[in-house]
Amino acid sequence: MAGRHYSTVTGNSKSRSPLLIFVLALLPLSFVFYMFSSPSPSETTTAAIHSVRSPSSGVDYSFVSSLEKFLAKSQRSPTVGDDSVVGEATVEDIRKLDDSVWSKETQRLYEEPFYPPSSPIKVYVYEMPKKFTYDLLWLFQNTYKQTDNLTSNGSPVHRLIEQHSIDYWLWADLIAPESERLLKNVVRVHKQEEADLFYIPFFTTISFFLLEKQQCKALYREALKWVMDQPAWKRSEGRDHILPVHHPWSFKSVRKFMKKAIWLLPDMDSTGNWYKPGQVYLEKDLILPYVPNVDLCDAKCVSENAPKRSTLLFFRGRLKRNAGGKIRAKLVTELSGAQGVLIEEGTAGTIGKAAAQSGMRKSLFCLNPAGDTPSSARLFDAIVSGCIPVIISDELELPFEGILDYRKIALFVSSSDAVQPGWLLSFLRNVSAAQIRAMQMNLVKYSRHFLYSHPAQPLGPEDLTWRMMSGKLVNIKLHTRRSQRVVKESRSLCTCDCRRPNSTNPGLLL
């Protein structure tokens with residue numbers, strides 16, 4: 001029995017041995033091929049960045065391109081109804097809404113273990129008349145190729161609108177079909193009593209730049225009345241309403257009537273040139289980044305450009321500015337002609353974009369002084385270019401600073417130090433090679449936080465906007481309810497006018 005069993009196995013093994021030997025021979029070859037063909041973690045990251053920025057990925061980072069597709073799709077999509085009020089809300093409307101809000105919030109309090117704050121945030125998006133939304137987007141779409149449309153200082157108007165197009169990116173994501181959205185920390189609701197926050201989709205920057213002055217002011221007044229007639233606005237006096245006013249000139253003639261709303265801003269100018277005292281502060285409002293004017297330099301790009309960064313310090317932009325931007329002229333006087341320094345006059349047009357992108361990719365450090373306001377789009381151009389920002393703007397507030405640590409990607413220098421003869425260049429030349437490499441790698445990691453896109457990406461600026469907003473919810477509800485029961489003109493009303501002003505701390509530069 002045993003012999004027959006052995007004979008059977010032996011006979012089968014002999015008949016299969018050529019195939020078995022062939023398969024076994026392939027295994028080590030396959031392993032070698034896998035080892036050499038598999039990407040490293042850094043290559044995988046680079047490939048992922050390339051894929052999300054390629055046309056085939058379905059993600060659009062261009063405002064013009066994304067807007068064109070958005071408007072084409074909007075003509076085929078039915079309008080989603082909501083319960084916005086036509087005409088001014090009555091006292092009874094407000095009472096009914098307040099009772100419904102109380103009922104919903106009480107239910108969430110006992111059913112949701114982490115409420116408040118809540119995740120996802122529930123946002124009600126007003127269905128405003130098209131003259132405040134789609135008509136303005138079409139106006140931009142039909143005129144953006146007019147390259148002769150410039151501001152008084154020579155900046156291309158349509159490029160400025162792109163830099164401040166945060167209102168489009170946020171709105172396009174919020175109203176997209178839920179099946180197409182990637183962000184999970186915010187959802188749109190269609191009943192006001194279900195909302196944590198209310199989004200006002202009015203394109204204030206487009207209307208400011210592309211409408212005649214009186215026509216713009218009239219539209220501002222109409223938008224103001226439309227929003228203030230809503231029962232949700234009257235209930236909270238706007239405290240839970242989000243108002244995108246990212247260009248400091250936009251909505252300027254009427255925004256004082258909406259000062260309790262959450263303003264989406266590029267910065268906070270405490271000098272009073274752009275915002276009146278008490279209108280803006282970090283506890284209430286939110287700083288959002290400009291849309292970068294240059295293309296992303298990803299991990300592979302930063303690595304390949306490392307040996308080409310022969311310029312120590314680069315700046316391209318307007319050399320003479322007002323207000324805090326007067327420091328630019330002082331810096332030009334101090335730095336012009338210095339070895340390793342390249343300073344150029346220029347604007348943000350097509351030629352300017354190419355020159356800025358080339359200059360930043362060839363430089364270790366990019367100078368970021370204050371402009372007419374404490375911030376400028378140049379900071380975010382430097383970040384996505386892998387050029388370490390040197391920030392000289394004592395009043396600057398930064399986007400998402402409750403989440404991101406800018407000390408890991410930028411150097412902060414006080415204005416008084418920067419203009420001292422020889423101080424700035426000596427400081428930069430003493431930054432170690434190891435620190436430069438570390439900051440460049442952090443710039444690669446942080447770049448994704450400043451790339452607006454459609455659909456909006458996790459950890460992109462739209463995502464971080466709602467993460468920051470979630471931290472404000474409890475305080476918004478506190479002040480809303482408090483305002484409903486505190487006697488008017490009471491001395492116990494809270495204000496933030498005595499907050500400590502911002503300033504650069506020279507002791508924490510590195």
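A residue counts as buried when its relative accessible area is under 20%. That cut-off helps in reading this predicted model, in which buried residues make up 49% of the 510 residues in the chain. The fold is built from 19 helices and 11 strands. Of the contacts between residues at least 6 apart in sequence, 74% join residues at least 24 apart. Turning to the surface, the chain exposes about 25,500 Å², with 57% of this area supplied by carbon and sulfur atoms.

The cysteines make a convenient place to look more closely. The structure holds 2 disulfides, and, with the bonded cysteines numbered in sequence order, the pairing reads 1-2, 3-4. One disulfide joins C297 to C301, with an S to S distance of 2.0 Å. The link of C297 and C301 is left-handed, at -95° about the S-S bond. C301 has a relative accessible area of 11% and is therefore buried, while C297 is counted as buried at 1% relative accessibility.

The other pair is C366 and C387, whose sulfur atoms are 2.2 Å apart in a disulfide. Here the link of C366 and C387 is right-handed, with 110° about the S-S bond. C366 lies in strand β9 (residues 363-369) and C387 in the loop between α14 (378-385) and β10 (388-392), so this disulfide ties together parts that are 21 residues apart in sequence. Both C366 and C387 are buried. Another cysteine, C216, has 4% relative accessibility and so counts as buried too.

What of the space inside the protein? Rolling a probe the size of a water molecule over the atoms shows where empty space is left. In this model the count comes to 4 cavities of 30 Å³ or more. The largest cavity has a volume of about 130 Å³. Its lining comprises 14 residues, of which V101, E105, R235, D240 and K477 are the closest to the centre. Helices α4 (91-111), α10 (231-236) and α19 (473-485) each supply at least two residues of this lining, and α19 gives the most, with 4 residues. By character, the lining of the largest cavity divides into 6 nonpolar, 2 polar and 6 charged residues.

The second largest cavity has a volume of about 60 Å³. The residues that line this second cavity are N368, P369, P374, S375, S376, L379, I391, S393 and L396. This lining divides into 5 nonpolar and 4 polar residues, with no charged ones.

Definitions and conventions:
Residues numbered from 1 in each chain as written. Predicted model: local features only at pLDDT ≥ 70, side-chain atom pairs only at ≥ 80, totals over all residues. Heavy atoms only, no water. Buried < 20%, exposed > 50% of the residue type's maximum accessible area, 1.4 Å probe, protein only. Contact = heavy atoms within 4.5 Å. Areas by Shrake-Rupley, 256 points an atom, 1.4 Å probe, with all protein chains shown as cover. 1 Å grid on protein atoms, 1.4 Å probe; cavity = no way out; pocket = protein on both sides within 12 Å on 5 of 7 lines; lining within 4 Å. Points joined across faces, edges and corners; volume = space filled by probe spheres on them. Nonpolar A, V, L, I, M, F, W, Y, C, P; charged D, E, K, R; others polar. Disulfide = S-S within 2.5 Å.
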